[in-house]
Amino acid sequence: MIQADKLRHLPERFPVACQWEITCRCNLQCVMCYTDCFNRPEFVRQELTTSEILRIMDQLTEAGTLELCLTGGEPMARTDFFDIYDHAIRSGFLVTVFTNGTLMTEAHADRFAALLPHRIEISLHGATQETFERITQGRGSHDRCLQAIRLLLDRNIPLALKTTAMTLNQHEIIAIKRYVASLGSVGYKLGEEMRPELDGGAGPFHYSLSEQELTALNRQDDDLWAESCQQKSVDPSPCRSGMQRFHIDAYGQLQLCSGNRTHSYDLRAGSFREGFFEALPTYGCPWKAPAVSEQIQPTVHHA
Amino acid sequence: MTPSTIYSKNPDFVQRDVAGECILVPIRRTLTEANSIYVLNETGAALWNRIDGASPIQKIVSGFAEEYDTTEEQLGRDFEALLADLLLIHAVEEVATAHDPSR
């Protein structure tokens, strides 16, 4: 028997890891969010029900999916979140939860401690209350986020914090990073990518940093600078989405990844196996190099 | 471990079949095993599947040897090593010792 943190010998194409945007609901309205445009009752009513999610999840289990990331919106904004989470853990998924943390209570933290996630990742977009809440547009959200971090750390729950770098918080990134370092064994990720809103809106790009601003930011910290230099020094590897990773949106649409939703397979109407093994390989992606695989058709590009 | 010992599986370990590999995922983890999964080889998986909380080891080994045309001696050694690993991570526990009519 071998103890491992992940499987080493997998087929080139196999549905190992799923990122599942289980809702676009959210209690906050972050200025750069790309899903909040669908955080409206008429869209929420169309989201997958609990039973639909559990049915699809069982199909992922049967197909061999091991890693499951529950994201949103704010996944904990779903009143059935722990029905979904508990089912995922008891099915044997390695579950990661992306959350803003602001809905976390002691009782929630106890439930996470009872059935431990692979990791919880909390978005921490500001070091000060002023900056944090200017981004989240939620009064009291900074204190609630910090409280969630404490609740999870008190219970030794694997935790990572992450920040999206933008015009509103670029002056606080280093302070955030120092705060995370002070917490001990907590991971940190700095994201630089802004995405258009799901309805095509360009709102998030109003907060994008220029190349010069990103360089100036990364130069302030050895780790950030080393990472930035490394990213620029190597050719970007071909996109592997759809090979071992895939995405499901809040309405049950199976897609190559959360950043490429041009083509979808409806999991409400068909099976996951058919979607992953027959439909996804026909979906194109402009970031896929032609030689990435014979098992997916990168030459089919989106209009 | 004796041939008449009976083991049961800990329900806090979920068995998954991922790309033909049998893995055990602990759903209530301690810090020492945080984020670990356990991969069983083919023999290990077959033996794991026979641990049922009712059958003594000897019966499992005998049945397995008949089915797979291998010696009980070799299987006994493999099973002993697997059980030691499984006991270490609390994936199985000893529940009883079967009555041995020869004694």
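Colleague: Where in chain A is Asn156(A) found?
Modeller: Asn156(A) sits in the loop between α6 (141–154) and β6 (159–164) of chain A. Keep in mind that this is a predicted model.

Colleague: And what makes the phi of Asn156(A) worth a mention?
Modeller: Its sign. Phi of Asn156(A) is near 55 degrees, which is positive, and the residue is something other than glycine. Chain B has a positive phi too: Ala19(B), near 50 degrees, in the hairpin of β2(B) and β3(B), with two residues between the strands.

Colleague: Which peptide bond is cis, and how do you know?
Modeller: From omega: going from Gly72(A) to Gly73(A), omega is near 20 degrees, and the bond is cis. Gly73(A) belongs to the loop between β3 (67–71) and α3 (81–90) of chain A.

Colleague: Why do you say that β2(B) and β3(B) are paired?
Modeller: Pairing needs at least two bridges. Six bridges join β2(B) to β3(B), and the strands run antiparallel, so they count as a pair. Within that pairing, Arg16(B) stands opposite Ile23(B) in β3(B).

Colleague: What about strand β9 (residues 253–255) of chain A and β10(A): how do you know that they pair?
Modeller: Same kind of test. There are two bridges between β9 and β10(A), in the antiparallel sense, and the rule asks for at least two, so the pair passes. One bridge partner of note: Gln253(A) goes with Asp266(A) in β10(A).

Colleague: Why are β7 (187–191) and β10 (265–266) of chain A placed at the edges?
Modeller: The sheet is open, with nine strands in the order β7-β6-β5-β4-β3-β2-β8-β9-β10 (chain A) and mixed pairing. β7 and β10 each have a single partner strand, so one side of each is left without a neighbour in the sheet.

Colleague: Which strand of chain A is joined to β4(B)?
Modeller: Strand β1 (residues 2–4) of chain A, through three bridges, running antiparallel. The requirement is at least two, so this counts as pairing across the chains. In β4(B), Val39(B) is the bridge partner of Ile2(A).

Colleague: What makes Arg25(A) and Glu47(A) a salt bridge?
Modeller: The closest N and O atoms are 3.0 Å apart. The cut-off is 4 Å, so the pair qualifies. It also links distant parts of the chain: Arg25(A) is in the loop between β2 (17–21) and α1 (41–44) of chain A, while Glu47(A) is in the loop between α1 and α2 (50–63) of chain A, 22 residues along.

Colleague: How many salt bridges does the rule find across the interface of chain B and chain A?
Modeller: Zero, although the search of the whole structure finds 18 over all chains. What the interface does have is four residue pairs in polar contact, both residues at pLDDT 80 or more. On chain B's side, the residues touching chain A divide into 14 nonpolar, three polar and seven charged.

Colleague: What area is buried between chain B and chain A, and which residues supply it?
Modeller: About 2,300 Å², with carbon and sulfur atoms giving 59%. Arg16(B), Asn35(B) and Ile37(B) supply 27% of the area that chain B buries against chain A, more than any other three residues. The contact itself takes 24 residues from chain B and 29 from chain A.

Colleague: What confidence does the predictor give each chain?
Modeller: Chain A has a mean pLDDT of 91, with 91% of its residues at 70 or more. One stretch to treat separately is 297–303 of chain A, where pLDDT is below 50; it has 21 contacts in the model beyond near neighbours in sequence. Chain B averages 85, and 88% of its residues score at least 70. For the whole model, ipTM is 0.86 and pTM is 0.91.

Note on methods
Residues are numbered from 1 along each chain as its sequence is written. Chains are lettered from A and ligands numbered from 1 in the order in which they are written. This is a predicted model: local features need pLDDT of at least 70, side-chain atom pairs count only at pLDDT 80 or more; totals for chains, interfaces and linings use all residues. Side-chain values use heavy atoms; hydrogens and water are left out. pLDDT is the predictor's confidence in each residue, from 0 to 100. Contact means heavy atoms within 4.5 Å. Buried area is the accessible area (1.4 Å probe) that two parts lose on being put together, summed over both. A salt bridge is a side-chain nitrogen of Lys or Arg within 4 Å of a carboxyl oxygen of Asp or Glu. A polar contact is a pair of N or O atoms within 3.5 Å; within protein, one must be able to donate a hydrogen and the other to accept it, and residues adjacent in sequence count only if both atoms are side-chain atoms. Ala, Val, Leu, Ile, Met, Phe, Trp, Tyr, Cys and Pro count as nonpolar, Asp, Glu, Lys and Arg as charged, and the others, Gly among them, as polar. Helices (H or I, at least four residues) and strands (E, at least two) are DSSP runs, numbered from the N terminus.
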